[in-house]
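Good morning, everyone, and thank you for making the time. Before I say anything, please take a moment to look at the sequence and the model on the screen.

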Amino acid sequence: MSINNITNRSTLLDMLNGNSGSKADEVFKSIIDTNTQRYQNRIKQVTGIDVSGSANSKYEKVSNAATNVTDSITSLQNEALWDESHESYSRENITTAVKNFVSAYNTFVSNMNSASTALKSQFKTELDKAMTENKEMLMSVGISVEEDGRLTVDSDKLSNTDTDSLKKIFGEGSELLSNVKSQADDCNTIVSKALSVQKSMSGIYNSSSNTQDLSSLLSGSSFNSMG
């Protein structure tokens with residue numbers, strides 16, 4: 001199977017996000033099958049290849065931001081945070097944890113906005129939908145959903161909201177946070193795999209004129225120019 005045959009069906013983003021099998025593996029197999037042993041060795045050494053420059057820093061920021069969102073959700077869903085009988089319990093810690101989530105979420109959204117249309121259409125659209133569907137519930141505890149998809153916090157209202165109401169929205173079993181975490185995890189996985197593919201391409205086509213930019217990989221355009 002040639003790379004062109006693969007990408008005629010879908011972009012790399014589609015392949016990495018597919019539910020049936022590891023389509024990213026098809027890309028790697030195609031690269032290996034159609035190149036010399038020297039190129040095969042370069043692919044095997046991909047984890048040692050350093051990608052210099054700032055072309056892909058925006059995607060690395062997306063990956064880091066997605067990880068921070070997941071971490072903030074994990075903190076919110078720690079039962080000890082909500083257990084008033086626990087020795088470490090503090091109402092202020094709950095407010096801080098919610099604010100940390102909002103900050104991490106906003107950074108994630110901002111980084112996706114600056115990364116690529118593919119990421120925005122694949123993930124930000126779903127996140128916007130989830131926040132819009134829960135807009136009134138969030139407003140009841142002092143969190144507003146802005147037009148650009150980011151969140152703002154009314155600190156006084158948040159601090160004065162009863163713990164049970166906050167736990168329903170942010171605690172373990174929260175459908176909203178489960179959705180956000182799923183989107184963040186999937187985005188992180190896809191961007192990480194795409195960065196890995198990009199590093200492979202940089203190792204194989206290591207002249208400045210042939211370096212593969214990640215935005216091209218995600219849209220599929222760079223594959224179509226390769227023989």
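I will go from the overall chain to the ring cluster, then to some single residues, and finally to the largest pocket.

Please keep in mind throughout that this is a predicted model. The chain has 227 residues, and buried residues make up 42% of them. In terms of secondary structure, there are 14 helices and two strands. If we take the contacts in the chain with a separation of 6 or more, 70% of them are between residues 24 or more positions apart. As for the surface, the chain exposes about 11600 Å², and carbon and sulfur atoms supply 42% of that area.

Let me turn to the aromatic residues. How many aromatic pairs does a search of the whole structure find? The search finds two. One of these pairs is formed by Phe101 and Tyr105, with 5.9 Å from centre to centre and 40 degrees between the planes, and the pair is classed as tilted. Both Phe101 and Tyr105 sit in helix H7, which covers residues 91-115, and they are four residues apart, about one turn of the helix.

Are these two rings buried or exposed? Phe101 counts as buried because its relative accessibility is 1%, below the 20% cut-off, and Tyr105 is buried as well, with a relative accessible area of 0%. If we then follow the ring pairs further, Phe101, Tyr105 and Phe170 are linked into a cluster.

Staying with Phe101 for a moment, I would like to look at one of the residues that touch it. Ser72 lies in helix H5, residues 57-76, and, leaving aside residues up to four places away in sequence, Ser72 touches Asn100, Phe101 and Ala104. With a relative accessibility of 8%, Ser72 is under the 20% limit and therefore counts as buried.

Helix H7 also holds Asn106. Which residues does Asn106 touch, not counting those up to four places away in sequence? They are Arg150 and Leu151. Asn106 has a relative accessible area of 16%, so it too falls under the 20% limit and is buried.

For a contrast, consider Gly173, which is placed in the loop between H11 and H12. Gly173 counts as exposed because its relative accessibility, 69%, is over the 50% cut-off. Its C-alpha atom is separated by 8.0 Å from that of Gln77, although Gly173 and Gln77 are 96 residues apart along the chain.

That brings me to the last topic, the largest pocket, which has a volume of about 180 Å³. The elements that give two or more residues to its lining are helix H8 (117-133), helix H11 (163-170) and helix H12 (175-204). Which of them gives the largest share? That is H8, with four residues. Among the residues that line the pocket are Glu126, Lys129, Ala130 and Glu133, and further along the chain Lys168, Ile169, Glu175, Leu176 and Asn179. Ser174, Met137 and Asn134 are also part of the lining. By residue type, the lining divides into five charged, four nonpolar and three polar residues.

To close, I would leave you with two places to look at in the model: the cluster that ring pairs form from Phe101, Tyr105 and Phe170, and the largest pocket, with H8 giving four residues to its lining.

Terms used
Residues are numbered from 1 along each chain as its sequence is written. This is a predicted model: local features need pLDDT of at least 70, side-chain atom pairs count only at pLDDT 80 or more; totals for chains, interfaces and linings use all residues. Side-chain values use heavy atoms; hydrogens and water are left out. On a 1 Å grid over the protein atoms alone, a cavity is a set of points where a 1.4 Å probe fits but cannot get out, and a pocket is an open set with protein on both sides within 12 Å along at least five of seven lines; lining residues have an atom within 4 Å of a point. Grid points are joined across faces, edges and corners, and a volume is the space filled by probe spheres set on the points. Ala, Val, Leu, Ile, Met, Phe, Trp, Tyr, Cys and Pro count as nonpolar, Asp, Glu, Lys and Arg as charged, and the others, Gly among them, as polar. Buried means under 20% relative accessible area, exposed over 50%, partly exposed in between (1.4 Å probe, protein chains only). Contact means heavy atoms within 4.5 Å. Accessible areas come from the Shrake-Rupley method with a 1.4 Å probe; for residues, only the protein chains shown count as cover. Rings of Phe, Tyr and Trp (its six-membered ring) pair if their centres lie within 6.5 Å; planes under 30 degrees apart count as stacked, over 60 as edge-to-face and the rest as tilted.
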